[in-house]
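Ready for some practice? Take a look at the chain below, then work through the exercises one by one.

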Amino acid sequence: MPPVDKQASSRTADSTRPMPAANALADAVEFFKAFLGHPRRTASIVPSSNRLIERVARQAKVGEAACVVELGPGTGGSTRTLLGRMGPRSRLLAIEMNPAFHAHLCRHIPDPRLRAECGSAEDLAEHLAAHRLPAPDAIVSGIPFSTMPAATGERIAAAIARCLAPGGRFVAYQWTPSVAERTTPHLGEPRQEWELWNLPPMRVYTWVKPS
Ligand SMILES: C[S@@+](CC[C@H](N)C(=O)[O-])C[C@H]1O[C@@H](n2cnc3c(N)ncnc32)[C@H](O)[C@@H]1O
C-alpha cells in the first residue's frame, strides 16, 4: 500500500462533506443570478440535485478513474459529489466558462485533487496539457449543447472523443437530446436513462469509447 498523505486526506474529507444549508442557499442564489445574466449559457435556474449527480458518478465509474474531467461545474455542488466518490489519488479537472463560478469553485473547494480552469470545453486538450494530466478515464458534462451554436457543440464533442482514454466513459446530463446528436457521430449510440428527481428531469447519456 502506498503511504497515505494525512494532510491531503483531511482536506479531501472537508471539501466533500455535505454543505451546510446556508452555503447551499448561497450557491443557489449565485446560480440564479448567473442564470439572469446568461440564461442560455447557464441553462438552469438551480444547481443539479444530488440524486442526479450520484447517478452520473455511477455511470462514469469515477471511483475507478485516475483522471476525471467535469465540463461546466457551475457553483461546484456537482464537483463536490464527484470528489466524494473519487479515490484519494485521482485528479479532477473542472472547466468552467463563467469567471464568477470559476472563482467561487477555487474559493470554496480547497481539495488537493481538484484542478480548476476558467475557459471553454472546446479547449479540453489544451486544459489537460496545461495541468500535465493524462487522457481522462471519465468526462462528465452538464453544459448546455442545446443553446450553443451547432458548430461549437460539434467542436466540443470532437474534442471529448479525441481526448477520452480508450475504454473511457463520457456521461452527459441534459433535458434535451442535443448532446446525443453531436456526440453519437463520434462515439456511437449511447445508453440513455432518466433521472426524474431533478428540476427539470434529466436525460443521462453514457458513451464508452472503444478500447
Ligand atoms: C446547467 S449548468 C450545470 C452546473 C453544475 N454542473 C450542476 O450540475 O449544477 C451548466 C454550466 O456549464 C457552464 N458552461 C456553459 N458552456 C460552457 C463551455 N463551453 N465550457 C465550459 N463551461 C460551460 C455554465 O457556465 C454553467 O456553469
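## Exercises on a predicted model

Pro200 sits in the loop that links β6 (191-195) and β7 (202-208). Keep in mind that this is a predicted model.

**Exercise 1.** Find out what kind of peptide bond joins Leu199 and Pro200.

*Solution.* Start in the loop between β6 and β7, where Pro200 lies. Then check omega for the bond between Leu199 and Pro200: at about -5 degrees, the bond is cis.

**Exercise 2.** Work out whether Ala43 and Lys61 are buried, partly exposed or exposed.

*Solution.* Begin with Ala43, in the loop between α3 (39-42) and α4 (50-60). Its phi is near 70 degrees, a positive value in a residue other than glycine. Now count: Ala43 has 20 C-beta neighbours inside 10 Å, so it counts as buried. Next comes Lys61, in the loop between α4 and β1. Lys61 isn't a glycine either, yet its phi is positive, about 55 degrees. With 17 other C-beta atoms within 10 Å, Lys61 is partly exposed.

**Exercise 3.** Describe the surroundings of strand β1 (residues 67-71).

*Solution.* First, look at the two faces. Cys67, Val69 and Leu71 are buried on one side, and Val68 and Glu70 are buried on the other. Second, look for partners. β1 pairs in the parallel sense with β2 (residues 91-96) over five bridges, and Cys67 has Arg91 as its bridge partner in β2. To get from β1 to β2, the chain passes through helix α5 (residues 77-85) in a right-handed β-α-β crossover. β1 also pairs with β4 (residues 138-141), in the parallel sense over four bridges; there, Glu70 has Val140 as its bridge partner.

Definitions and conventions. Residues are numbered from 1 along each chain as its sequence is written. This is a predicted model: local features need pLDDT of at least 70, side-chain atom pairs count only at pLDDT 80 or more; totals for chains, interfaces and linings use all residues. A residue is buried if 20 or more other C-beta atoms lie within 10 Å of its own, exposed if 12 or fewer, and partly exposed in between; C-beta atoms are placed from the backbone. Helices (H or I, at least four residues) and strands (E, at least two) are DSSP runs, numbered from the N terminus. Two strands pair if DSSP finds at least two bridges between them. A crossover is right-handed if, with the strands pointing away from the viewer, the path from the first strand over the helix to the second runs clockwise.
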